[in-house]
Amino acid sequence: MLFLIYSATDSGSIESSLGLPEYSYYFVLKEFRPFLEKLGRVQVIKSPETEVDEIYDRCLANDEDCVFLSFSPPNKTLTTLRCPTIPVFAWEFDTLPNEVWDDNPNNDWTHVLGKLGRAITHSRHTVATIRKAMGEEFPVTSIPSPVWDRFDNLRLKYPPTVNRKAVTLNVRGSILDSAQLSPGTPQNPDTELPVFRKSMRYRLGATKRHAIEWYRDAVRDLLPGRVANLLSQFLRQANWRRQQRAQARSEAQAPQTQSITLDGVIYTTVLNPCDGRKNWNDMVTAFCEAFAEVPEATLVFKFTYLNSDWAFSMLSDALRRVPPFKCRVIGIHGYLEDDSYEQLIASSTYTVNSSVGEGQCLPLMEFMACGKPAIAPRHTGMLDYIDEKVAFLVRSSEEPSCWPHDPRIIFRAHKHRVDWGSLRDALLESYKVATEQPERYLEMANNSIARMFLHASHASALQNLGGFLGLTQTSSALVPAPETSRLPDLSRLTGLHDASLSGWFNAQTGELVPGFAVEPNDVVIDVGCGSGGATLFCARQGASVHFLDLDPDKVAEAEERLAQISPGKCIGIVSDCSPVPLQDGLANKVIAMEMLEHVQDPIAVMNELVRIGRPGALYLISVPDAKGELLQKKFADPAHFEEPNHIRIFTSTELEQLVEESGLVIEHRQTTGFYWVIWMCFFWVCHKASGEPYDGATLDKITPPYPPVLDSWADTWLKFLQLPGALPIKQELDGFLPKSRIIVARKPTEQA
């Protein structure tokens, strides 16, 4: 397979293209190239019109497959090539452009995608948007830029830590530092910020920008289509010439290298200050409000825009408008080489995002891949990887918006308005965690690394693209084998991936398990919630949740996490559930996962579960499977099968009889968790060899570091799952020796 790859921006023009609309496609191409080279040959294209079909014809003659990956939005992707062409693009809106303007049919993306026949994007949100426009069967997949592997060395050199030391950065470019106003004192409104003065070039550039905006908004639709197209072509050529001049100036006058020292709790964001979608004004004002009296808090802006005067002018104007503050705000302008960028990441405590929409957000993903928890909203492309385990969530709400490249400026989509108060509160809570709760900070940091491995690693990208293109390679060399020492809690990371392959925690369909979908208007009761995984999933779907457990620490932990997701809609109750302290018919969804094996009278508990469900309510019941339990019993500490642990083992017949005799009708059955049965058997052998006393071995209580054999098993199973053809074997093993037996049942309606 030969992959032809193209981006309008390349390594020679990236510095002069910073901040332009499609400059980020170059970085996406850079991330894709290494894993594409594991699937076949890769060739970079500079001129698609003249190169692609000539290469494609040679491949046909040599009986070699060839595909052209155009890292460009659909309206800038060629549709006239003979070579199979797939656009690779990001999109943050909930509708796809499906109208023609400027007499250009390619502005209708449904027209372009219909001709090309396939698409690759970077989030499940965009996949859903495309299928809403093109039909559910349209071939499209989500492959986030696989940034995780690139930071292997950085994670080893700078592992997550709560010990913050001052760091000095050498910046090849310009710096604005609010601390230079008057060190140690609040801002004086009459004090001039140390920024570049507005030069004549800056003023002429501002005039040109506003003139172009005036032309597009007030004049262009009045002109004949041919005239408007010619003017648009002229403006594009002028923009290209401006890029070349900016690059020439950059080469003639190398930016001065400056040093800056960062300390305290450091919040970092990387963005284009002229991109209104980034909503960074809210970030500045919320930060200065939250930390007005906290000099140890620092907000660092790494600007991606070719005009430092413009970027710094916008930041200084924003700072002049806020009340006096003691915190520190820093602006850095310039293209950072890899080593400088790594230093910036390593010195950061958190990464921040306050945007109204993201196609994927590469900077956020890069920082999280290095163990930096986030302060961010959970919408658009960030839905795939932002939750309360890795971020302090910022609330947002939908509001009408326009497609950003549509000069008609008409509402055809939605963006997400960020709740300013929620952003301020998230910043405050994050500072408290960084300074007072080191264990929680480290947990979030490690979760961030693990989340990005699952979301944006070469392993996940190889699997997704290979399946999408129908590649049949089975060599294990295709699958990178990350060293277990570089992964936080590899065992749970593997278990999460294993569960997702079984259909668990499917945010796209809203299914907690197959056949058990949770919707925003649901009232859910989670009985025996444990660590709260099911409760958190239901809350993220927007449901109201009552969650109960005998362990008050578990309930308190779940309450703390849920406060960031769905304040006021989730209620925690400490109870042994005999009886359940809730009224009859309260819920339309009831969950009892891995709890019936702990109770003395499962019939009485089942009757309580039926009582609290409405007629027609859906039930999710799971227990440890008898085969897995009986195997473990041969190796486990005897106390594991004594009260208050697993005092009852259910066969499949006994479980179904218990459910049906309670009055429920079974709709779906599933077995899962072969991986965990083997893991637990290994655990028991290692535990016995260690001589340590038994303290209640549940998966909630077992924490790393694990014996090496457990990490080796997790690594082996994860590598196996990445292989083509692994899923059917996993499914067979899940049925042969399962950890859990799952039943989805329904309470009959009163009419029935």
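This is a short tour of a predicted model, stop by stop, with selections to make in the viewer.

**Stop 1: the seven-stranded sheet**

Start with β20 to β26. They form an open sheet of seven strands with mixed pairing. Read across it in the order β22-β21-β20-β23-β24-β26-β25. Now colour the two ends of that order. β22 (570-574) and β25 (665-672) are the edge strands. Each has a single partner strand, so one side of each lacks a neighbour in the sheet. Step from strand to strand and the twist averages 15 degrees.

**Stop 2: strand β21**

Select residues 544-549, which make up β21. Is this strand enclosed or open to the outside? Five of its six residues are buried, so β21 is largely enclosed by the rest of the structure.

Look at its partners next. β21 and β22 pair in the parallel sense over five bridges. Show Val-545 and you will find Cys-570 of β22 opposite. On the β20 side, the pairing is parallel as well, over five bridges. There, Val-527 stands opposite Leu-548 in β21.

Add helix α17, residues 533-540. The helix lies across four strands: β20 (523-527), β21, β22 and β23 (587-593). Its direction is at about 170 degrees to that of β21.

**Stop 3: the cysteines**

Select every cysteine sulfur. How many disulfides are there? The count is zero. Centre on Cys-577 to see one case. The closest cysteine sulfur belongs to Cys-529, 8.9 Å away, which is too far for a bond. The cut-off for a disulfide is 2.5 Å between sulfur atoms. Cys-577 is buried, at 3% relative accessible area. Cys-681 is buried too, at 9%.

**Stop 4: the nonpolar cores**

Move to the largest nonpolar core, a set of 98 residues. Which members touch the most others? Select Leu-69, Ile-386, Leu-465 and Trp-679. Then show helix α22, residues 674-690. This helix supplies the largest share of the core, 10 residues.

A second core is separate and has 41 residues. Among them are Phe-291, Ala-297, Phe-303 and Tyr-350.

Go back to Leu-69 and display its contacts. Leaving out residues up to four places away in sequence, Leu-69 touches Phe-3, Leu-4, Ile-5, Tyr-6, Leu-36, Ile-86, Val-88 and Ile-120.

**Stop 5: Arg-277 and its acidic partners**

Switch to charged side chains. Side chains of opposite charge can pair when their charged atoms come close. The structure holds 36 salt bridges.

Select Glu-92 and Arg-277. Their side chains meet in a salt bridge, 2.4 Å from N to O. This pair links distant parts of the chain, 185 residues apart. Glu-92 sits in the loop between β4 (85-87) and α4 (109-116). Arg-277 sits in the loop between β10 (265-271) and α9 (280-290). Glu-92 is buried, at 8% relative accessibility. Arg-277 is partly exposed, at 28%.

Add Asp-275. Its side chain also forms a salt bridge with Arg-277, at 3.0 Å from N to O. Asp-275 is buried, with 15% relative accessibility.

**Stop 6: a pair within one helix**

Select helix α6, residues 152-157. Asp-152 and Arg-155 both lie in this helix, three residues apart, about one turn. They form a salt bridge, with the closest N and O atoms 2.5 Å apart. Are these two residues buried or exposed? Asp-152 is buried, and so is Arg-155.

**Stop 7: Arg-412 and its network**

Finish at Arg-412, in strand β17 (residues 411-418). Arg-412 is partly exposed, at 35% relative accessibility. Which residues are linked with it by salt bridges? Glu-99, Asp-406, Arg-408 and Arg-412 make up one network.

Now show the contacts of Arg-412. Neighbours within four places in sequence aside, they are Thr-95, Glu-99, Ser-401 and Trp-403. Glu-99 therefore appears in both selections, as a contact of Arg-412 and as a member of the salt-bridge network.

For a last step, select the C-alpha atoms of Arg-412 and Phe-93. They are 319 residues apart along the chain, yet 9.4 Å separates them in space.

How values were computed: Residues numbered from 1 in each chain as written. Predicted model: local features only at pLDDT ≥ 70, side-chain atom pairs only at ≥ 80, totals over all residues. Heavy atoms only, no water. Pairing = 2+ DSSP bridges. Helix = DSSP H or I, 4+ residues; strand = E, 2+ residues; numbered from the N terminus. Axes fitted to C-alpha atoms, helices over the stretch in contact; angles between N-to-C directions. Contact = heavy atoms within 4.5 Å. Buried < 20%, exposed > 50% of the residue type's maximum accessible area, 1.4 Å probe, protein only. Core = buried A, V, L, I, M, F, W, Y, C linked by side-chain atoms within 4.5 Å. Salt bridge = Lys/Arg side-chain N within 4 Å of Asp/Glu carboxyl O.
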